[in-house]
Each structure stands twice: as structure tokens, then as C-alpha cells.
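Work through the following exercises with the sequence and the model at hand. Each task is followed by a stepwise solution.

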Amino acid sequence: MNWALMAAEATGGVGLACWLSHRRSVRGPISELDAYARQVSMIEAVLFDFGGVVLTSPFDAFARYEVEAGLPPHTIRGINATNPDTNAWALFERREVDVEGFCLLFEAEAAELGLVLDAQRVLASLHGELRPAMVDAVRRCSDELRTGLLTNNVTPLADQESARPEVLSVVALFDVVVESSLVGCRKPEPEFYELACTLLGVEPSRCVFLDDLGINLKPARSMGMTTIKVGDPAAAIEELEAVLGFPLG
Ligand SMILES: [Mg+2]
């Protein structure tokens, strides 16, 4: 990606590209180019979802369990998407029920569909693996801007990831970590995003938010955030680079 050209196009100044090239050739470090490109971007904070963005997607693990258990494809996502604000998953992510309560309710929701599944196995699917390129992007963003981790979870990360220090070291890169299990609200409730912005001291319009679920991006977009839906991590990083105006590799 041609960052000087991008900056020039953003301001309509062809001469600027020459100036940037000159500055770069004379002074060398790309950080000066980055600094200028950042002035072009109005973004002050980058907000990341965790599962399916920084970590691999739990949906892949759900799919493996569905095959193993002989369940129809997308069974677990389908249960989660039914009555999404009041179902077992929603109650659990707000910590309104404990593990045992969740399992009873979730298995009952499956039974209503004529299905038998093991809710403990569903919970075991939540532990994704770090995506190295996305971790690099988080680190680079943290060097330049304010960063937030916005995650719906059922167990606070400090407990859930206590056996994975490499994951906790990534969590520590963020200026602000907002966890549904600790704050009593969850995505896509607007209060969750408002809390993140308040803690970061930024206006929503100065934020870009990455999540793998469209339903979680919708309220963020309504509040004025720039949003990126994460499917392929490489494509999402490229999109984020274009929004920020500096490279993340
Ligand atoms: Mg996610």
C-alpha cells in the first residue's frame, strides 16, 4: 500500500506526496510519514473484540463439536441467536446465572428444538488461539493510539486465561478492557460501548471498532463509530490500515 499517495489523495495534494517522499528520503524514518498520515485520520482509539478477532473464532470450535455430536450445522449459533437479549447465553454473559444455571437453561433451549447437547462442551469451545498478525496490529495501534478490548465473556479474562500468560500479555496491551462478566452489560447494548468511550475519554466518532459479529457492530455504527467486520483477519487488518493511515505490519 502506498501511504504517501493515500495521504496525498486524502488531502487532494499531489505536491504533498512529493514532500513526504522528500522528507522520507532525507530524514529516513517512516515514523514521520506515519505521523503525517495520522493527522489525516480523525481516529483516536481502536476498539477490538476478542473472540473471532484477536483470538480465533469460537464458531469454528462450535462447528467441530456439532459434527462430532451429530447436530445440524449452526445449531449453537442458532440457539444463541434466538431471544438474544434474554436467552441463557445473554444471562450468562451478564453473570445473571452461574455455569450450572447456564448449562441447565442452554440444554433446555436445545431440547425445545428437539436436540440434545452438552453445554459444558460448548463452553469448552470458547478458548480460541491468538492470531499473531492481529496481535501485531494491536501492538502497533497501542503504540500510536488509545486502544480498548470489548468482550462479551462469561468468566473474567484474569481467571479464564490464568493458565495462558501469553494471552494475558496481549490483554495487557490495551488501555481499557471492558468485559461483560464484570460490568453487567454486554454487546450489543449501547451502554457497553458508551462505557468503553467514557473510560478511554474519546467520542464514538473518533473510534474504529472491529468485531466478527454484525449484530455487535450495528449499535457502534449508530453511535458514529467506524466499524470493521472481521472475517478474514488479513483483510480486516488491511481495512484498518486504510482507516488509520499507517501500516500495522
Ligand atoms: Mg467475537
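**Exercise 1.** Which exposed residues does the face of H7 turned away from its buried side carry? Describe the helix around them in this predicted model.

*Solution.*
1. The face turned away from the buried side carries Glu 100, Ala 108, Ala 111 and Glu 112, and these residues are exposed.
2. The buried residues of H7 are Phe 102, Phe 106, Glu 109 and Ala 110. A residue is buried if 20 or more other C-beta atoms lie within 10 Å of its own.
3. Viewed down the helix axis, the buried residues of H7 fall within an arc of 100°, so they line one face.
4. The packing partners of these buried residues are helix H5 (75-81), helix H6 (88-93) and helix H8 (119-124).
5. As for its span, H7 covers residues 99-112, 14 residues, and reaches 20 Å from its first C-alpha to its last, close to the 20 Å expected at 1.5 Å a residue.
6. After H7 comes Gly 114, with a positive phi near 80°.

**Exercise 2.** In what order do the 5 strands of the open sheet lie? Identify the edge strands and the partner of E1 over 4 bridges.

*Solution.*
1. The order is E3-E2-E1-E4-E5, with parallel pairing.
2. Strand E3 (176-179) and strand E5 (226-229) are the edges, since each is listed as pairing on one side only.
3. From one strand to the next, the twist averages 15°.
4. Strand E1 (residues 45-48) pairs with strand E4 (residues 207-211) in the parallel sense over 4 bridges. Within this pair, Val 46 is opposite Val 208 in E4.
5. Helix H13 lies across E1, strand E2 (146-151), E3 and E4, and runs at about 160° to E3.

**Exercise 3.** Which residues have the most contacts inside the largest nonpolar core? Locate the helix that gives the most to this core, then look for a second core.

*Solution.*
1. The largest nonpolar core has 41 residues, and Phe 48 and Cys 207 have the most contacts inside it.
2. Helix H13 (residues 190-200) gives the most to this core, with 5 residues.
3. Leaving out residues up to four places away in sequence, Cys 207 touches Ile 43, Ala 45, Leu 47, Cys 197, Val 202 and Met 225.
4. A second core, separate from this one, has 14 residues, among them Ala 61, Phe 102, Ala 119 and Val 154.
5. Phe 102 is also one of the buried residues of H7.
6. As background, nonpolar side chains in soluble globular proteins tend to be buried together.

Definitions and conventions: Residues numbered from 1 in each chain as written. Predicted model: local features only at pLDDT ≥ 70, side-chain atom pairs only at ≥ 80, totals over all residues. Core = buried A, V, L, I, M, F, W, Y, C linked by C-beta atoms within 7 Å. Buried ≥ 20, exposed ≤ 12 C-beta atoms within 10 Å, placed from the backbone. Helix = DSSP H or I, 4+ residues; strand = E, 2+ residues; numbered from the N terminus. Contact = placed C-beta atoms within 7 Å. Expected span 1.5 Å × (residues − 1). Arc of directions from axis to C-beta. Pairing = 2+ DSSP bridges. Axes fitted to C-alpha atoms, helices over the stretch in contact; angles between N-to-C directions.
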